[in-house]
Amino acid sequence: MGKEAIDDLIQFLMAYPGHVQEIALWLHDFLWDMFPECNELIYDNYNALAFGPSLTDKAGDVICSVAVFAKHVNFGFNRGSEIPDPNHILQGNGSLYRYITIKNINDFPEPEMRLLLHDAYDNALNRLKAGKPVIKGQTITKSISPVKKRPA
């Protein structure tokens, strides 16, 4: 993920309130610092803007994701049920996805999340299929929804 290659992300964030933009960009930098050799996948979807580091150019290989909404940001793990959460900070009761909601940067439990991210990275690496092409260090806008529900 490249800090210098976030023009699309910044453009997509313009529709959101300043405090939400601040959280999203802080999380972007946090993830880039942790996973500088990963790709960053961006999805500008109907209900939310989402991005996250991936071992390849595929959503199935994403380590975690940041989903940006009008009043908050969700920081989640697509396969969160498969990683240990000893402090029980992750929400969600679906079969796989787990997340936390962030309304300001101080809501982000950084030490605990670093541990979860290391486990999520190992999990993603272990699930990576042999021979799958690995593309590293790119920011890739995967989709842009033509119709969007954005903050009022």
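Two strands are taken to pair if DSSP finds at least two bridges between them. In this predicted model, that rule is a handy way into the region around strand 2, where Asn-39 stands opposite Ser-54 of strand 2. The two strands involved, strand 1 (residues 39-44) and strand 2, run in the antiparallel sense and are joined over 6 bridges. They make up a hairpin, with 4 residues lying between them.

Strand 2 also has a partner in strand 3 (residues 65-68): these two pair in the antiparallel sense as well, over 3 bridges. Here Ala-50 is found opposite Ala-67 of strand 3. Strand 2 thus pairs with strand 1 and with strand 3.

The next point concerns burial. Strand 2 spans residues 49-54, and 6 of its 6 residues are buried. The cover extends to both faces of the strand. On one side sit Leu-49, Phe-51 and Pro-53, and on the other Ala-50, Gly-52 and Ser-54, all of them buried. Two residues already met in the pairing belong to this second side, namely Ala-50 and Ser-54.

The strands come up again at the largest pocket, which holds about 190 Å³ of space. Of the 13 residues lining this pocket, Tyr-43, Ala-50, Phe-51, Ser-65 and Asn-78 are the closest to its centre. Strand 1, strand 2 and strand 3 each contribute at least two residues to the lining, and the largest share, 3 residues, is that of strand 2. In terms of class, the pocket lining consists of 9 nonpolar and 4 polar residues, with no charged ones.

Enclosed space is a separate matter. The model contains 1 cavity of 30 Å³ or more, and the volume of the largest cavity is about 50 Å³. Its lining is made by Val-62, Ile-63, Phe-77, Asn-78, Arg-79, Gly-80, Ile-83, Ala-120, Asn-123, Ala-124 and Arg-127. Helix 3 (residues 110-127) provides the largest share of this lining, with 4 residues. By class, the cavity lining comprises 6 nonpolar, 3 polar and 2 charged residues; charged residues are thus present here, whereas the lining of the largest pocket has none. Asn-78 is worth looking up in the structure: this residue lines the largest cavity and is also among those closest to the centre of the largest pocket.

Key. Residues are numbered from 1 along each chain as its sequence is written. This is a predicted model: local features need pLDDT of at least 70, side-chain atom pairs count only at pLDDT 80 or more; totals for chains, interfaces and linings use all residues. Side-chain values use heavy atoms; hydrogens and water are left out. Buried means under 20% relative accessible area, exposed over 50%, partly exposed in between (1.4 Å probe, protein chains only). On a 1 Å grid over the protein atoms alone, a cavity is a set of points where a 1.4 Å probe fits but cannot get out, and a pocket is an open set with protein on both sides within 12 Å along at least five of seven lines; lining residues have an atom within 4 Å of a point. Grid points are joined across faces, edges and corners, and a volume is the space filled by probe spheres set on the points. Ala, Val, Leu, Ile, Met, Phe, Trp, Tyr, Cys and Pro count as nonpolar, Asp, Glu, Lys and Arg as charged, and the others, Gly among them, as polar.
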